[in-house]
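Work through the exercises below with the sequence and the model side by side. Each task is followed by a solution in steps.

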Amino acid sequence: MRRPVNVKRTLFITHRWAGILLCLFMALWFVSGVVMMYVGYPKLSMVERLRVLPALDPASCCLPVGSVIGALPGGDSPRTVRLTSIGGLPHYVVGLSKNRELAIDGRSGTPVAAVDAKFALQSAAAFASPAEARYRDLVDEDAWTHSKALDGHRPLHRVDIDDEARTLLYVSGSTGEVVRRASATERQWGWIGAWLHWLYPFRGGAVDRWWTEIIIYTSLAGALLGVTGLVSGILRWRRRPYPHGSRSPYRDWLMRWHHWLGLAFGLLLLTWIVSGLLSVNPWQVFDSGAPRPQLAKLVLGTDGQHDETRRALHCFNAAGLQVRELEWRPMGGETFVLARDGAGRGRLQRASADCAPFEAHELDALRAAGESMLPDARVSGARLQSAYDWYYYDRATHSMTGHVGRPLPVLVLEFDDPAASWLYLDPKTGALVQRLDDHLRVKRWLFALLHSWDWKPLLDRRPLWDALLILGSVGGLLVSLSGAVLGWRRLRRQ
């Protein structure tokens with residue numbers, strides 16, 4: 001006859017052995033989370049990039065955009081077109097299909113066929129001045145470039161800058177642009193910050209393709225540890241003290257503190273573990289199946305006879321804007337030229353119109369362009385949003401999403417499609433800056449709110465946000481370290 005399963009004993013044993021395997025790992029997670037509050041993963045923001053670029057001179061720049069587009073190899077159609085500076089010289093950067101980009105010399109029209117060490121150093125010089133730039137090597141991927149956004153730029157040239165920050169620059173192997181900047185501080189703290197927190201030791205090696213699965217199943221194991229520990233702690237707590245005077249059954253001081261700390265911080269630890277699991281969208285739980293917005297295609301004349309480029313530069317300069325970059329953007333069946341200065345400030349100009357720069361699109365035209373992005377749905381609500389809220393908010397530049405611009409005001413269109421889609425459109429550029437549906441709104445609560453406490457009242461009241469997160473992290477660290485010591489004791493007695 002089979003003996004009945006002792007549920008409590010099974011629960012306690014499961015928690016004990018899960019703790020032996022995971023407690024030290026969990027402690028590293030809490031330490032790395034606190035580091036990431038202040039030192040983020042290296043990135044290069046648009047403003048950082050624009051700040052060091054020279055102003056585009058209409059007197060010496062450039063070939064008409066039409067003649068450059070008409071000469072694209074293979075007849076490929078452009079998805080995006082920018083005029084910027086690479087290595088101190090004007091270049092068109094054309095976005096093509098499959099996340100590819102092609103740089104074309106703005107004066108000769110010659111495509112950049114290969115980016116060598118010399119070209120990489122010339123490109124990095126704008127970011128180095130007045131310090132010296134030294135070429136290091138060529139890599140496909142390293143600890144600071146685990147990003148899908150860089151896939152179209154690999155391999156990457158690494159260039160060291162002898163400045164105070166001991167900056168390491170990454171130069172695109174396809175266009176020659178500087179695409180990432182990593183200071184010594186970011187790299188040093190990053191080893192015990194983002195590199196540990198996101199389990200990047202498992203990236204770039206033999207197990208790289210299983211990185212997402214490693215996060216998922218490690219998080220599930222951590223959730224099991226948290227649930228069994230919380231339930232065990234509740235079952236072993238008594239309203240009336242045990243004979244030795246404590247409501248905890250443990251006489252050993254470390255066991256007793258582990259018990260109390262688990263009761264105090266267990267639920268918080270469990271929400272952090274589960275929300276961290278949700279960050280990788282396990283099993284595509286946040287995919288609603290809603291159709292992607294249909295973005296307008298970029299249409300440019302290819303005869304090269306109408307010099308839109310110089311005309312736009314003259315117009316913006318006459319309006320007082322020192323242009324660092326031009327971008328051609330489609331909206332509502334028209335093409336517009338967006339100019340940005342070194343601070344990221346922008347002005348617009350119709351590509352086919354006379355000189356008449358303006359600050360922002362008319363809201364009716366912007367709404368019509370937004371409606372065309374989801375042609376099978378109707379707009380059920382529209383509003384001009386001038387302040388951040390639960391779903392649209394800004395974060396510090398070093399944070400995980402801090403490099404993503406969240407301009408204000410934005411036009412918000414709510415659709416009646418099955419996924420209840422919302423589109424956020426920037427009047428100053430015409431760009432779609434955020435898309436939400438019912439699944440992504442749930443993710444905002446279950447991940448962003450529970451994991452990094454992106455709660456506007458807290459974000460607006462720092463250092464209260466810092467104090468609460470650090471307190472919770474210290475609690476999680478103490479629970480984990482005490483569990484690791486107890487696990488070590490148990491193993492030594494085996």
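The exercises cover disulfides, strand pairing, nonpolar cores and one long helix region of a predicted model.

**Exercise 1. Disulfides**

Task: Find how many disulfides the structure holds, and state which cysteines they join.

Solution.
Step 1. Look for pairs of cysteine sulfur atoms within 2.5 Å. The structure holds two such links.
Step 2. One is formed by C61 and C62, with sulfur atoms 1.4 Å apart. The angle about its S-S bond is -75 degrees, and the link is left-handed.
Step 3. The other joins C315 to C355, at an S to S distance of 2.4 Å. This pair connects distant parts of the chain, 40 residues apart: C315 sits in helix α9 (residues 308-318), and C355 in the loop between β10 (346-350) and α10 (363-373).
Step 4. Number the bonded cysteines in sequence order. The pairing then reads 1-2, 3-4.

**Exercise 2. Cover of the bonded cysteines**

Task: Decide for C315 and C355 whether each is buried or partly exposed, then do the check for C61 and C62.

Solution.
Step 1. Buried means under 20% relative accessible area, and partly exposed runs from there up to 50%.
Step 2. C315 has a relative accessible area of 5%, so C315 is buried. C355 has 47%, so C355 counts as partly exposed.
Step 3. C61 is buried at 1%, and C62 is buried at 5%.

**Exercise 3. Strands β1, β2 and β3**

Task: Describe how β2 pairs with β1 and with β3, and what the turns contain.

Solution.
Step 1. Start with β1 (residues 80-86) and β2, which run antiparallel and are joined by seven bridges. In this pairing S85 stands opposite P90.
Step 2. β1 and β2 make a hairpin with two residues between them, and G87 in the turn has a positive phi of about 65 degrees.
Step 3. Go on to β3 (residues 100-105), which is antiparallel to β2 and joined to β2 by six bridges. V94 has L102 as its bridge partner in β3.
Step 4. β2 and β3 also form a hairpin, with three residues between them; K98 in this turn has a positive phi of about 60 degrees.
Step 5. Check how well β2 is covered. Seven of the eight residues in β2 (residues 89-96) are buried.

**Exercise 4. A sheet with edges**

Task: Give the strand order of the open four-stranded sheet, and say which strands stand at its edges.

Solution.
Step 1. The order is β4-β5-β6-β7, and the pairing is antiparallel.
Step 2. β4 (133-139) and β7 (178-182) each have a single partner strand, so one side of each lacks a neighbour in the sheet and these two stand at the edges.
Step 3. From one strand to the next, the twist averages 25 degrees.
Step 4. Take one pair in detail. β4 and β5 (residues 156-161) are antiparallel over six bridges, and A133 has I161 as its bridge partner in β5.

**Exercise 5. Nonpolar cores**

Task: Which residues of the largest nonpolar core touch the most other members, and which elements supply two or more residues to this core?

Solution.
Step 1. The largest core has 26 residues, and V81, L83, Y92, F316, V323, L326 and W328 touch the most other members.
Step 2. The elements giving two or more residues are α3 (65-70), β1, β2, β3, α9, β8 (325-331) and β9 (334-340).
Step 3. Follow V81. Apart from neighbours within four places in sequence, its contacts include V65, I69, Y92, L326 and W328.
Step 4. A second, separate core has 23 residues, including A18, I273, F447 and V479.

**Exercise 6. Two residues of helix α13**

Task: For S480 and L478, decide whether each is buried or partly exposed.

Solution.
Step 1. S480 lies in helix α13 (residues 464-493), and L478 lies in helix α13 too.
Step 2. At 4% relative accessibility S480 is buried, whereas L478 at 40% is partly exposed.
Step 3. List the contacts of S480, leaving out residues up to four places away in sequence: C23, M26, A27 and F30. Of these, C23 is buried, at 7% relative accessibility.
Step 4. Compare sequence and space for L478. L478 and V47 are 431 residues apart along the chain, and their C-alpha atoms are separated by 40 Å.

Technical notes:
Residues numbered from 1 in each chain as written. Predicted model: local features only at pLDDT ≥ 70, side-chain atom pairs only at ≥ 80, totals over all residues. Heavy atoms only, no water. Buried < 20%, exposed > 50% of the residue type's maximum accessible area, 1.4 Å probe, protein only. Pairing = 2+ DSSP bridges. Contact = heavy atoms within 4.5 Å. Axes fitted to C-alpha atoms, helices over the stretch in contact; angles between N-to-C directions. Core = buried A, V, L, I, M, F, W, Y, C linked by side-chain atoms within 4.5 Å.
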